[in-house]
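Student: Could we go through this model together? I would like to know the reasons behind the labels.

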Amino acid sequence: MERQAIVEAFRAAFGSPPQVVVRAPGRVNLIGEHTDYNEGYVLPVAIDRYVWFAGTHRHDRLVRARALDFGAEIEFSLDDIQKDSRRPWANYLRGVAAVLQAAGQRLAGADLVYGGDVPREAGLSSSAAVEVAAMVFWQRLLRLPLEAVEIATLSRRAENEFVGVPTGIMDQFASACARRDHALFLDCRDLRYRLVPLRDDVAIVVCNSGVKRALASSEYEVRWRQCRAAVEALNHFGLRAQSLRDVTPAQLREVGSRMDPLLLKRARHVVTENQRVLDAVRSLEQGDLQQFGSLLNASHASLRDDYEVSCRELDVLVELAQQQPSVLGARMTGAGFGGCTVNLVRRECAEEFARVVAEGYQKALHLQAEVYVCQASDGALAGG
Ligand code: GLA
């Protein structure tokens, strides 16, 4: 979707040009999965697919919004923001307004349209893109004094406190702060980050399994709770950990045999994944893409076997990818239970790769995979 399309959509809905047009990208995570809510490390990139907002200030307290992706209108008063149980997708917009006001920002009513081309429920953070785009929309419209990191943390709060899912900060942070041609190495404990340049001879290819499972959000919460329980158990055995971030693979090996085997598996994924992110950043910075790719493969095995958030479709896509000579590494990306894989592919072979994997997937499971060659893009507030 292009800027012109959202401007036209606004004009069609409200009869005048919009005062403000903004966009925020989706993201794909290269490595560091299910580590963010354990105060660990992540390495996402923003992708060249966006949620756009176009809108105009009103002189009352009403928000009138047209959601292009749902072909629906919603309306609410800023003085009474309730959760919408019939249209759960509308809660991202409502949540952002509620959180901004709770943080002391003075909002005014607006007429707006929003929508874009980030695939939904595919693990590419379309909801974080809505939250960040909505935040930036209010920021620009009302000149609110909000900086990029604050926009990311408030967007996450909308998801945690209003929508009610205990996600980490990765998605909103990437959508707000990522940089073109770079991956974003983020420490989710103190939100310090570093941009790591990507090489242009390697393409980031995303394969969408097309599978969406309702259990994704309930299982996400289960994992979140298991991680907390694992920290409690580890402290009980004499470690002093605030989160799994504080535990090393060696420490876990030492006390692991005394832990509940399921909690040990969950903890082992997070603890080894944190180490893999650190190693991955080092190999990327040293130009060792073979090593970087092997770490992606190891991440998938750990998500599949220890964290148990993969599924047959994702495993098939990863296996097909790993059989290609042009592939440096492949794994599931995002929360899991469906959604996408991320693949590091030699650029000149990206199209051939897409064709072979899509054909193999069709043959193995009679399902269609959509394949996107992604451009690492600027976050909504890159540099600001
Ligand atoms: C979802 C959440 C993120 C993160 C990933 C898993 O995308 O929104 O915060 O936990 O799952 O890495």
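**The ligand and its surroundings**

Tutor: Gladly! In this predicted model, the shell around the ligand is made up of four nonpolar, four polar and four charged residues.

Student: Which residues are around the ligand?

Tutor: They are Arg27, Glu33, His34, Asp36, Tyr37, Thr167, Gly168, Met170, Asp171, Tyr220, Gly334 and Ala335.

Student: What makes the pairing of Asp36 with the ligand a polar contact?

Tutor: A polar side-chain atom of Asp36 lies 2.5 Å from an oxygen atom of the ligand. The cut-off is 3.5 Å between N or O atoms, so this pair qualifies. Tyr220 also places a polar side-chain atom 2.6 Å from a ligand oxygen, and for Gly168 a polar backbone atom is 3.0 Å from a ligand oxygen.

Student: How much of the ligand does the protein bury?

Tutor: The protein buries 93% of the 300 Å² that the ligand exposes when taken alone. The space taken by the ligand is the largest pocket.

**Salt bridges**

Student: Why is the pair Arg223 and Glu219 called a salt bridge?

Tutor: Their closest N and O atoms are 2.7 Å apart. The limit is 4 Å, so the pair counts. Arg180 and Asp181 pass too, because their closest N and O atoms are 3.5 Å apart. By this rule the count comes to 26 salt bridges.

Student: Why does Asp181 count as partly exposed?

Tutor: Asp181 has 35% relative accessibility. Buried would require under 20% and exposed over 50%, so Asp181 falls in between and is partly exposed.

Note on methods. Residues are numbered from 1 along each chain as its sequence is written. This is a predicted model: local features need pLDDT of at least 70, side-chain atom pairs count only at pLDDT 80 or more; totals for chains, interfaces and linings use all residues. Side-chain values use heavy atoms; hydrogens and water are left out. A residue is near a molecule or strand if one of its heavy atoms lies within 4 Å of it. A polar contact is a pair of N or O atoms within 3.5 Å; within protein, one must be able to donate a hydrogen and the other to accept it, and residues adjacent in sequence count only if both atoms are side-chain atoms. Accessible areas come from the Shrake-Rupley method with a 1.4 Å probe; for residues, only the protein chains shown count as cover. On a 1 Å grid over the protein atoms alone, a cavity is a set of points where a 1.4 Å probe fits but cannot get out, and a pocket is an open set with protein on both sides within 12 Å along at least five of seven lines; lining residues have an atom within 4 Å of a point. A molecule sits in a cavity or pocket if more than half of its atoms lie within 2 Å of its grid points. Ala, Val, Leu, Ile, Met, Phe, Trp, Tyr, Cys and Pro count as nonpolar, Asp, Glu, Lys and Arg as charged, and the others, Gly among them, as polar. A salt bridge is a side-chain nitrogen of Lys or Arg within 4 Å of a carboxyl oxygen of Asp or Glu. Buried means under 20% relative accessible area, exposed over 50%, partly exposed in between (1.4 Å probe, protein chains only).
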